[in-house]
Amino acid sequence: MPEIMAEKEEHGGAGVVVVDPKPSKGFTSTVVDWLEKLMVKLMFDSSQPRHYLSGNFAPVRDETPPCKNLPVIGYLPECLNGEFVRVGPNPKFSPVAGYHWFDGDGMIHGLHIKDGKATYVSRYVRTSRLKQEEYFGEAKFMKIGDLKGLFGLIMVNMQMLRAKLKILDVSYGAGTGNTALVYHHGKLLALSEADKPYAIKVLEDGDLQTLGLLDYDKRLTHSFTAHPKVDPFTGEMFTFGYSHTPPYITYRVISKDGFMHDPVPITISDPIMMHDFAITENYAIFMDLPLYFRPKEMVREKKLIFTFDATKKARFGVLPRYAKNELQIKWFELPNCFIFHNANAWEEEDEVVLITCRLENPNLDFVGGEVKEKLENFGNELYEMRFNMKTGSASQRKLSAPAVDFPRVNESYTGRKQRYVYGTILDSIAKVTAIIKFDLHAEPDLGKSKLEPGGNVQGIFDLGIGRFGSEAIFVPREPGITSQEDDGYLIFFVHDEKTGKSFVNVIDAKTMSPDPVAIVELPNRVPYGFHAFFVTDEQLKEQAKL
């Protein structure tokens with residue numbers, strides 16, 4: 001009987017592992033800390049600006065328990081009953097040396113909506129990493145911001161030393177849960193691509209509780225992308241992980257009832273960063289883009305550990321989505337580029353169509369320490385790419401001026417042909433100045449050098465001077481595909497840098513009217529972050545059974 005209880009404690013049901021790391025303090029830990037401080041003093045340039053720890057990128061140190069009955073200007077439509085959540089980096093402890101925007105501990109900001117009333121909450125994703133740093137009372141884990149030059153190599157070895165001496169417990173991974181959110185099989189998942197998912201429960205009052213790490217009953221042994229795809233017709237989830245050791249890409253299918261099928265390794269020539277992928281009704285699309293994991297170049301050329309090679313082609317692999325191995329994958333080549341985020345993909349006769357945000361010459365240092373206030377060369381553009389499964393040919397065409405990212409669609413159409421794309425207009429790699437709606441049935445006006453209404457740009461909701469937003473999520477008035485595709489609302493966080501106040505805005509997705517449907521004033525500042533998700537009222541009731 002005690003053995004059964006121990007197993008239940010370790011696995012909190014449905015493949016959820018209760019995270020209980022065992023770090024250790026003591027003389028050895030103190031010596032390693034002293035050695036690290038010496039290395040930082042000798043080798044790290046502490047005069048480097050930390051843009052992503054200042055202004056509204058700066059973390060909020062405290063969580064906010066549910067704060068009810070917030071002031072609402074306008075009204076919150078009935079279809080918004082549920083919880084709007086957005087995750088982002090929020091470091092609890094100051095970094096020892098470098099800091100990159102991707103480094104911070106995951107904090108979820110939630111707006112619980114019920115019958116026109118709104119409640120705000122913010123909670124950390126209670127990762128193994130966060131729990132251990134709380135135990136020490138300071139930052140201990142290596143950061144992406146450290147991974148430059150010889151200093152980067154030393155910091156990698158400091159982490160390996162701490163793990164070997166059992167100062168840090170890496171048995172639960174070292175992820176932050178700071179990147180994206182998805183709902184599948186009765187669970188809200190907080191994701192970061194170097195780790196496994198963390199299962200989050202939304203409580204009745206809107207509060208957020210970390211249940212533990214999801215390992216699919218020990219079937220998941222590799223990292224898990226921050227951008228899995230849930231097929232709205234079958235209820236399955238499709239995902240992958242990337243690694244710096246072979247197999248560099250591993251593809252997985254998770255059934256509607258949460259069973260993870262066997263791994264399908266995907267062969268590529270080098271370790272890469274693959275942030276996103278896509279699915280259609282019958283295929284999965286992998287992106288072998290030349291942002292390489294290159295530790296030797298990091299040391300030799302004092303670059304970040306991921307280096308973009310502008311001489312290499314962009315490769316796209318299209319695999320039947322239920323394939324048991326990679327034998328049927330077809331590879332296509334297009335001109336050199338990188339892609340952080342795809343909008344959607346579908347099939348048209350012999351072609352697989354991908355709608356994506358394409359970027360030339362990415363530099364991840366853009367979101368490191370030093371960054372200009374405006375990055376004029378950040379040219380993310382909406383593109384249509386086509387892969388002909390019969391002829392093997394590939395083509396692409398530009399659909400927008402720069403700079404647009406965080407593309408979203410009505411997710412009832414994931415993997416199926418859809419008409420509208422909702423994105424964000426960026427004036428730097430992180431600051432969102434407006435929400436934009438594209439109509440893929442209209443021809444783009446490529447004579448324009450900036451994004452403005454006309455052509456395929458059906459509407460732009462401008463946030464105004466000094467106000468910046470985040471990824472907008474489409475919430476349909478009616479679920480499914482029987483009503484008009486754009487009949488619904490866009491919901492997103494906004495921060496006013498002049499007043500220091502943060503809000504949630506709701507706008508009409510069909511009209512893109514400059515007058516918001518609702519503005520909810522929040523009790524606390526919400527820092528700029530990454531991806532968002534809307535958990536429906538029906539999903540809240542389903543996950544309450546956990």
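A residue counts as buried when its relative accessible area is under 20%. In this predicted model, Tyr 422 and Phe 474 are both buried. The rings of Tyr 422 and Phe 474 have centres 5.3 Å apart and planes at 10 degrees, so the pair is stacked. Tyr 422 belongs to strand β26 (residues 420-426). Phe 474 belongs to strand β30 (residues 473-476). The two residues are 52 apart in sequence, and their pairing links distant parts of the chain.

Strand β26 deserves a closer look. Seven of its seven residues are buried, so β26 is largely enclosed by the rest of the structure. In a regular strand, side chains alternate between the two faces of the sheet. In β26, Tyr 420, Tyr 422, Thr 424 and Leu 426 point one way. Val 421, Gly 423 and Ile 425 point the other way. Residues of both sets are buried.

Strand β26 also has pairing partners. Strand β25 (residues 404-408) pairs with β26 in the antiparallel sense, over three bridges. Here Asp 405 stands opposite Thr 424. Strand β27 (residues 432-439) is joined to β26 by seven bridges, and these two strands also run antiparallel. Across this pairing, Gly 423 of β26 faces Ile 436 of β27.

Aromatic pairs come next. A pair of aromatic rings is described by the distance of the centres and the angle of the planes. The count for the model comes to 22 aromatic pairs. One of them joins Phe 332 and Phe 387, with 5.2 Å from centre to centre and 45 degrees between the planes. This pair is classed as tilted. Phe 332 lies in strand β20 (residues 330-334) and Phe 387 in strand β23 (residues 381-388), so the pair ties together parts that are 55 residues apart in sequence. Both Phe 332 and Phe 387 are buried. Elsewhere, ring pairs link seven residues into a cluster: Tyr 52, Phe 57, Trp 101, Phe 102, Phe 468, Tyr 528 and Phe 530.

Charged side chains also sit over rings. Lys 431 lies over the face of Phe 468, at 4.7 Å from the ring centre. Phe 468 is itself a member of the aromatic cluster. Arg 358 lies over the face of Tyr 383, at 4.9 Å from the ring centre.

Arg 358 leads on to a sheet. Strands of a sheet pair through backbone hydrogen bonds, either parallel or antiparallel. Four strands form an open sheet in the order β21-β22-β23-β24, with antiparallel pairing. Its edge strands are β21 (338-348) and β24 (394-398), and each pairs on one side only. The twist averages 25 degrees from one strand to the next. Eight bridges join β21 to β22 (residues 351-359). Within this antiparallel pairing, Ile 339 stands opposite Arg 358 of β22. Strand β23 of this sheet carries Phe 387 of the tilted pair.

Another open sheet holds five strands. Their order is β1-β10-β9-β8-β7, and the pairing is antiparallel. Strands β1 (16-17) and β7 (180-184) stand at the edges. Each has a single partner strand, so one side of each is left without a neighbour in the sheet. Five bridges connect β7 with β8 (residues 187-191), again in the antiparallel sense. Tyr 183 stands opposite Leu 188 of β8.

The model also contains enclosed space. It holds five cavities of 30 Å³ or more. The largest has about 100 Å³ of space. Of the 14 residues that line the largest cavity, the closest to its centre are Ser 400, Ala 401, Asp 445, Lys 448 and Val 457.

Two loop residues give a contrast in exposure. Asp 487 is placed in the loop between β30 and β31 (488-496). Its relative accessibility is 16%, and the cut-off for buried is under 20%, so Asp 487 counts as buried. Asp 487 and Lys 510 are 23 residues apart in sequence, with their C-alpha atoms 5.7 Å apart in space. Leu 327 is placed in the loop between β19 (314-320) and β20. Its relative accessibility is 74%, and exposed means over 50%, so Leu 327 counts as exposed. Leu 327 and Ile 266 are 61 residues apart in sequence and 9.4 Å apart in space, C-alpha to C-alpha.

Key
Residues are numbered from 1 along each chain as its sequence is written. This is a predicted model: local features need pLDDT of at least 70, side-chain atom pairs count only at pLDDT 80 or more; totals for chains, interfaces and linings use all residues. Side-chain values use heavy atoms; hydrogens and water are left out. Two strands pair if DSSP finds at least two bridges between them. Axes are lines fitted to C-alpha atoms, for helices over the stretch in contact, and angles run from 0 to 180 degrees between N-to-C directions. Rings of Phe, Tyr and Trp (its six-membered ring) pair if their centres lie within 6.5 Å; planes under 30 degrees apart count as stacked, over 60 as edge-to-face and the rest as tilted. Buried means under 20% relative accessible area, exposed over 50%, partly exposed in between (1.4 Å probe, protein chains only). A charge sits over a ring if NZ of Lys or CZ of Arg is within 6 Å of the ring centre and within 35 degrees of the ring normal. On a 1 Å grid over the protein atoms alone, a cavity is a set of points where a 1.4 Å probe fits but cannot get out, and a pocket is an open set with protein on both sides within 12 Å along at least five of seven lines; lining residues have an atom within 4 Å of a point. Grid points are joined across faces, edges and corners, and a volume is the space filled by probe spheres set on the points.
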